[in-house]
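Subject: Structure handover and findings

Dear colleague,

Here is the structure I said I would pass on. My notes on it follow below the entry.

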Amino acid sequence: MTRRWVPWRRRLKGVLDSMPSGPGGLGDDPVSLVIGLVFLVIMLPFLILGVVALIELLSLLLVLPFALLARVLFGRHWTVEARRGFTIWYDEPAGDWQASGLRIHALADEIRRGQLPPASVSGEAAA
């Protein structure tokens, strides 16, 4: 059980873990140049995806202080999430900090008793 700290979910979570590793020790002959260029062309989409994930992370770090300030000063509501592994299974708006804390404990008690909440997040949105 967690609170969602920002109003959106990360879309590219785990991208860097799924990137393939590069070949080691290419030489300086023409064949190595061709192999290196082919490898670069193959790796280019992964590199672009990694840059996009880095930009998303940096924008998250940039917006996070303002989002927290808005939540504290203007009483923005918190969203409570329940997960199955790393996949968000259920989420709901839960009010202020205290109300969301109480809802987290109530939801955890329900899950411990075997009363799983219905899935409110589709698989695509949770990834």
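A residue is called buried here when its relative accessible area is under 20%, exposed when that area is over 50%, and partly exposed in between. Glu-92, with a relative accessible area of 17%, is therefore buried. Please keep in mind that this is a predicted model.

Overall layout

The chain contains 3 helices and 3 strands, and along the sequence these follow the pattern β-α-β-β-α-α. Of the 127 residues in the chain, 25% are buried. The accessible surface amounts to about 8,900 Å², and carbon and sulfur atoms account for 69% of that area. If one takes the contacts between residues at least 6 apart in sequence, 65% of them join residues at least 24 apart.

The sheet

The 3 strands make an open sheet, ordered β1-β2-β3, with antiparallel pairing. The edges are held by β1 (2-4) and β3 (87-93); each has a single partner strand, so one side of each has no neighbour in the sheet. On average, and ignoring direction, neighbouring strands of this sheet are turned by 40° against each other. As background, the strands of a sheet pair through backbone hydrogen bonds, in either a parallel or an antiparallel way.

Between β1 and β2 there are 3 bridges, and the two strands run antiparallel. Arg-3 has Val-80 in β2 as its bridge partner. Strand β2 (residues 79-84) is joined to β3 by 6 bridges, again with antiparallel strands. Ala-82 sits opposite Tyr-90 of β3. Helix α2 (residues 97-112) packs on the sheet and touches β1, β2 and β3, its direction making about 25° with that of β2. Strands β2 and β3 form a hairpin that has 2 residues between them, and Gly-85 in the turn has a positive phi of about 70°.

Salt bridges

How many salt bridges does the count give? The count comes to 4. In general, side chains of opposite charge can pair when their charged atoms come close.

The side chains of Arg-83 and Glu-81 form one salt bridge, at 2.9 Å from N to O. Arg-83 is partly exposed, since its relative accessible area is 36%, whereas Glu-81 counts as buried because its relative accessibility is 2%.

Another salt bridge links Arg-103 and Glu-92, whose closest N and O atoms are 3.1 Å apart. Arg-103 belongs to helix α2 and Glu-92 to strand β3, so this pair ties together parts that are 11 residues apart in sequence. Arg-103 has a relative accessible area of 21% and is therefore partly exposed; Glu-92 is the buried residue at 17% mentioned at the start. Both residues also belong to a network of salt bridges that links Glu-92, Arg-103 and Glu-110.

A further salt bridge is made by the side chains of Arg-112 and Asp-109, with an N to O distance of 2.5 Å. These two residues are 3 residues apart in helix α2, so about one helical turn separates them. Which of the two labels, exposed or partly exposed, applies to Arg-112? Arg-112 counts as exposed, because its relative accessibility is 64%. Asp-109, at 33%, counts as partly exposed.

Nonpolar surface

Which residues make up the nonpolar surface patch? Leu-33, Leu-37, Leu-40, Leu-44, Leu-47, Ile-48 and Val-52 make this patch, which covers about 620 Å². Leu-33 is located in helix α1 (residues 30-74). With a relative accessibility of 53%, Leu-33 counts as exposed, because the cut-off for that label is over 50%.

That is what I have on this structure.

Regards

Methods
Residues numbered from 1 in each chain as written. Predicted model: local features only at pLDDT ≥ 70, side-chain atom pairs only at ≥ 80, totals over all residues. Heavy atoms only, no water. Patch = residues over 30% accessible without salt bridge, like charges linked within 9 Å, V, L, I, M, F, W, Y side chains within 5 Å. Areas by Shrake-Rupley, 256 points an atom, 1.4 Å probe, with all protein chains shown as cover. Helix = DSSP H or I, 4+ residues; strand = E, 2+ residues; numbered from the N terminus. Buried < 20%, exposed > 50% of the residue type's maximum accessible area, 1.4 Å probe, protein only. Pairing = 2+ DSSP bridges. Axes fitted to C-alpha atoms, helices over the stretch in contact; angles between N-to-C directions. Contact = heavy atoms within 4.5 Å.
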